[in-house]
Amino acid sequence: MPEPRQRMTRDGPSAAGPSQEPAALSDVIDLLARRHALPAFWSLREGPAAFRALALRLDVPQPQLTQRLRELREAGIVEVDEAGDYRLTVHGRRLQGVLEPVEAWAGEWARLSPRGRVPRGSATRGRGEP
């Protein structure tokens, strides 16, 4: 039986067993869901940018942008190049390639009416849901 993989939590490493397989996905989604993280990441798909240019483009307070860029760097998604500009790493560009189809899907989904989002014949509640 394979050993449980280690994953980082806010409290340090923890074992992730088979019942927690989506833990890595959850970690990435949690990272990108932090305030200003996804806009900063998405902005860098256009190419490298200086910190001040990012702060102006995103209209984000500098301390918050500093924190998010630090977290994205620690995750290996963003790096600082030789000129001091921020850019996506290889992993960041791969993530971009994964998220672009999700962005397209989200655009289509957002154009649907709330009624159009529910499939015909779909129940409004799950079994046992009050």
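**Glu71 and Arg68**

I looked up the pair Glu71 and Arg68 in this predicted model and found their side chains joined in a salt bridge, 3.1 Å from N to O. Both residues sit in helix H4, three residues apart, so about one helical turn separates them. I then checked whether they are buried or exposed. Glu71 has a relative accessible area of 14%, which is under the 20% limit, so I noted Glu71 as buried. Arg68 is buried as well, at 16%. I also followed the pair outward: Arg34, Arg68 and Glu71 are linked in a network of salt bridges.

**Other salt bridges**

I noted a total of seven salt bridges in the structure. One of them joins Glu103 and Arg45, with 3.8 Å between the closest N and O atoms. This pair links distant parts of the chain, as Glu103 belongs to helix H5 and Arg45 to the loop between H2 and H3, 58 residues apart. I read a relative accessible area of 40% for Glu103, which is partly exposed. Arg45 is also partly exposed, at 33%.

Next I looked at Glu46 and Arg57, whose side chains form a salt bridge at 3.8 Å, N to O. Glu46 is in the loop between H2 and H3 while Arg57 is in helix H3, so this salt bridge ties together parts eleven residues apart in sequence. Glu46 is exposed, with a relative accessible area of 63%. For Arg57 I have 42%, which counts as partly exposed.

**H3 against H4**

I turned to helix H3 (residues 51–58) and helix H4 (residues 62–74), whose axes come within 10 Å and cross at roughly 115°. The crossing is right-handed. Which residues make the contact? From H3 I listed Phe51, Leu54, Ala55 and Leu58, and from H4 Gln62, Leu65, Thr66 and Leu69. Sorted by class, the contact has six nonpolar residues, two polar ones and no charged ones.

**The nonpolar core**

I looked up the largest nonpolar core, which has 20 residues. Phe41, Leu65 and Leu72 touch the most other members. Helix H1 (23–33), helix H2 (37–43), H3, H4, strand E4 (86–88) and helix H5 (90–111) each give two or more residues to this core. As background, I recalled that nonpolar side chains tend to be buried together in soluble globular proteins.

Last, I went back to Leu65. What does Leu65 touch, leaving out residues up to four places away in sequence? I wrote down Ala40, Phe51, Leu54, Ala55, Leu58 and Val60. Among them, Phe51, Leu54, Ala55 and Leu58 belong to the H3 side of the contact with H4.

Key:
Residues are numbered from 1 along each chain as its sequence is written. This is a predicted model: local features need pLDDT of at least 70, side-chain atom pairs count only at pLDDT 80 or more; totals for chains, interfaces and linings use all residues. Side-chain values use heavy atoms; hydrogens and water are left out. Axes are lines fitted to C-alpha atoms, for helices over the stretch in contact, and angles run from 0 to 180 degrees between N-to-C directions. Helices (H or I, at least four residues) and strands (E, at least two) are DSSP runs, numbered from the N terminus. A crossing is left-handed if the near helix is turned anticlockwise from the far one by less than a right angle, and right-handed if clockwise. Contact means heavy atoms within 4.5 Å. Ala, Val, Leu, Ile, Met, Phe, Trp, Tyr, Cys and Pro count as nonpolar, Asp, Glu, Lys and Arg as charged, and the others, Gly among them, as polar. A nonpolar core is a set of buried Ala, Val, Leu, Ile, Met, Phe, Trp, Tyr and Cys residues joined through side-chain atoms within 4.5 Å. Buried means under 20% relative accessible area, exposed over 50%, partly exposed in between (1.4 Å probe, protein chains only). A salt bridge is a side-chain nitrogen of Lys or Arg within 4 Å of a carboxyl oxygen of Asp or Glu.
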